[in-house]
Amino acid sequence: MRFIFKTDYEQDIKLLQHGGHWWSYGLLFAVLAAAPYLVGSYLQSQLVFVFIYAIVGVALMILVGFTGQGSIGHAAFLAIGAYTAAYLQARGYPFEVYFPAAGILTGIVGAIVGIPALRLHGIYLLIATISFAFIVEEVLARWESVTHGNEGMRVRAIEFFGQTVSRDSNSFYFLCLGILVLVIIGTLNLMRSPTGRAFIAIRDSETAAKSMGVDIGRYKVRSFAISAAITGLAGTLYAHKMSFISPEMFTLLLSIEFIMVIIIGGAFGLHGAILGAIFIVMVDPLITMLKDDVPGMIAAFSRGFGVGEDAARAIQDRLYAIFSAPGLKGAIYGLIIILFVLFEPLGLYGRWLKIKLYFQLFPLYKRATFRRQKTYVKSERNR
Amino acid sequence: MSYFRVDNLSLHFGGLKAVDAVSFEIRQGEIFTIIGPNGAGKTSIFNMISRLYEPTTGHLFFEDRDITEVPPHQIASMGIARTFQNIELFDNASVLSNLLVGRHCHSRTQLWQEIMFMPNVRRAEKAHRSKVEEVIEFLDLQAYREKIIAGLPYGVRKVVELARALCSEPKLILLDEPSSGLNVEETDDMSFWIRDIKNELGITVLMVEHDMSLVNRVSDRVLALNYGRVIAEGTPADVQRHPDVVAAYLGA
């Protein structure tokens, strides 16, 4: 068990609390810096998707995890960022212009979406954000002079200060990693300042936040704007990674994937957003594996147990048909969410904390340490 | 003029008159207690002072300024802080960050400065932190700094809520039943702290309380309410002897 002896207020403020953090994050960075040279192009590409999803995860964490406002519309913010990038790039602007522009524009849209949040709570806010997402999807499909409608838009390689950064290059990998790191540091800074604490205050008790001088409306709009702006930045990277964007890429399912990122990761800290992003990006290859390899493996297995050749083939075809059924991905996502909400509401990061504490306190770990306490007394909510 | 004045204040929910034409004055540096049976309108008055409820009629004056129209989030920066009857803390945050939220009305840093954590933000954070430490020292919360509220016992939460209110450096503090749910020992501590808040910190206290022994020990003046109306005002002893108060509590 590590006890930190504090002798200075600086120690409450700094981001890396002790020497162990320097070691572990240093090691993580070394691995991430070496990774593109060591792993194949497929895994490198998956890592880039992890970074992009993690940026969105951080954005959503600010809004959902820290401010307590729901949103099932983040695919729309991603789309706005992506389309701003594609449109401005087609007009000949370089990356260093349209990247911030996408962030700012998405942030403004986010602030506008945040205004209804001043009056809406819980599930009603979710409904409002879903309808916002549908509106954006529809606008993208219909506003053909700007978005080329359902034909979609081609996105060329990044021109960054005269350098061409193609979407499969290691430079693109480092660009995404760098932006993710900057977003994380910015968010951590925000969360150790008055604004971040105001977000937490709004999440836990609006009444108390109000009476402590937090202007609820202003901070909710802020939270929406910041979250949207970060998602817009991720949208630009997403557009470049995909190299082609069309309205049907930014559907409700994508928004739900983003929500899953933070539910699976654990909606109470930035670690959760990263872990969730890793999980979600890796689900796709797992489903592909389920489809391609598992039926053959089971068929071979049943042959080994003396099942006839015809029967084995029948099993393989049957399983293949099941695993390649349309909508399987959605069903698996649904199942994963339900399992996490039921058995691990604190997500992967919560599980990690439990494991860590188990070894720190060994053999004294108490199972109830992380059990959520139910409060039965709440004074009247002045909503 | 008076320090804090409530003038003809009413709050009606439809036909129900929760608070009915209540007027009183609080002098600077005193402990003023509102008593009354359940549903007498005590907390409603508090909620109107902290602007969570809109008064049906009447006005509130603080330091000769009409605060009836001030939005709720500006009340704290005017120097009025409050606690809640059933504890409204930020449950999933540490005691420290709860107390730092209490400093919110004193923060002057801009959003972009915070995102980059500029030197001025760092300086402000340290200043807030040392102010919070003073309050921690004052209320003996040293053992709980890093603890998450959700895991703390009720008595400690009650003190943390008082601490959060003090962190905003108020001139007037509203305590909604500071001793409810506390045991005898904790109530004793609370009564010492309330007197210290008045004597050492020079903060005027407006309090709602049911525990008459605590009321007698700390209050300078007492106001008794029943069914939203004032039935008596004066020293604790006078009010307790008042026939209408006896009738309200014991039945006529």
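What radius of gyration would a compact globule of 252 residues have, and what does chain B have? A compact globule with that many residues would come out near 18 Å, and chain B, at 19 Å, agrees with this. Please keep in mind, as we go through the structure together, that this is a predicted model. Along its principal axes, the C-alpha atoms of chain B fill a box of roughly 65 × 40 × 35 Å. Its secondary structure amounts to 10 helices and 10 strands.

Let us look at some of those strands. Chain B has an open sheet of 4 strands, and if you trace across it you meet them in the order β2-β1-β4-β5, with antiparallel pairing. At the edges stand β2 (16-26) and β5 (65-66) of chain B; each has a single partner strand, so one side of each is left without a neighbour in the sheet. In general, strands of a sheet pair through backbone hydrogen bonds, in either a parallel or an antiparallel sense. For the partnership at the β5(B) edge, find strand β4 of chain B, residues 57-62, which pairs with β5(B) in the antiparallel sense over 2 bridges. Here you can place Phe62(B) opposite Arg65(B) of β5(B).

Now turn to chain A and a pair of its helices. Helix α3 (residues 41-66) and helix α8 (residues 170-191) of chain A pack with their axes 9 Å apart, at an angle of about 20°. An angle under 35 degrees counts as roughly parallel, and therefore α3(A) is roughly parallel to α8(A). Their crossing is left-handed. On the α3(A) side, the contact includes Leu47(A), Phe51(A), Ile55(A), Val58(A) and Phe66(A). From α8(A), the residues that take part include Phe172(A), Cys176(A), Leu180(A), Val183(A) and Met191(A). Sorted by class, this helix contact has 18 nonpolar and 2 polar residues, with no charged ones.

Finally, where do the two chains meet? Across the interface, 30 residues of chain A are in contact with 41 residues of chain B. On the side of chain A that touches chain B, the elements giving two or more residues are α1 (10-13), α8, α9 (194-204), α10 (206-211) and α11 (216-242) of chain A. You will recognise α8(A) there, the helix that also packs with α3(A). The largest share of this side, 7 residues, comes from α9(A). By class, the side of chain A that touches chain B is made up of 12 nonpolar, 11 polar and 7 charged residues.

Technical notes. Residues are numbered from 1 along each chain as its sequence is written. Chains are lettered from A and ligands numbered from 1 in the order in which they are written. This is a predicted model: local features need pLDDT of at least 70, side-chain atom pairs count only at pLDDT 80 or more; totals for chains, interfaces and linings use all residues. Two strands pair if DSSP finds at least two bridges between them. Axes are lines fitted to C-alpha atoms, for helices over the stretch in contact, and angles run from 0 to 180 degrees between N-to-C directions. Angles under 35 degrees count as roughly parallel, over 145 as roughly antiparallel, 65 to 115 as roughly perpendicular and the rest as oblique. A crossing is left-handed if the near helix is turned anticlockwise from the far one by less than a right angle, and right-handed if clockwise. Two residues are in contact if their C-beta atoms, placed from the backbone, lie within 7 Å. Ala, Val, Leu, Ile, Met, Phe, Trp, Tyr, Cys and Pro count as nonpolar, Asp, Glu, Lys and Arg as charged, and the others, Gly among them, as polar. The radius of gyration is taken over C-alpha atoms; the globule rule is 2.2 Å times the number of residues to the power 0.38.
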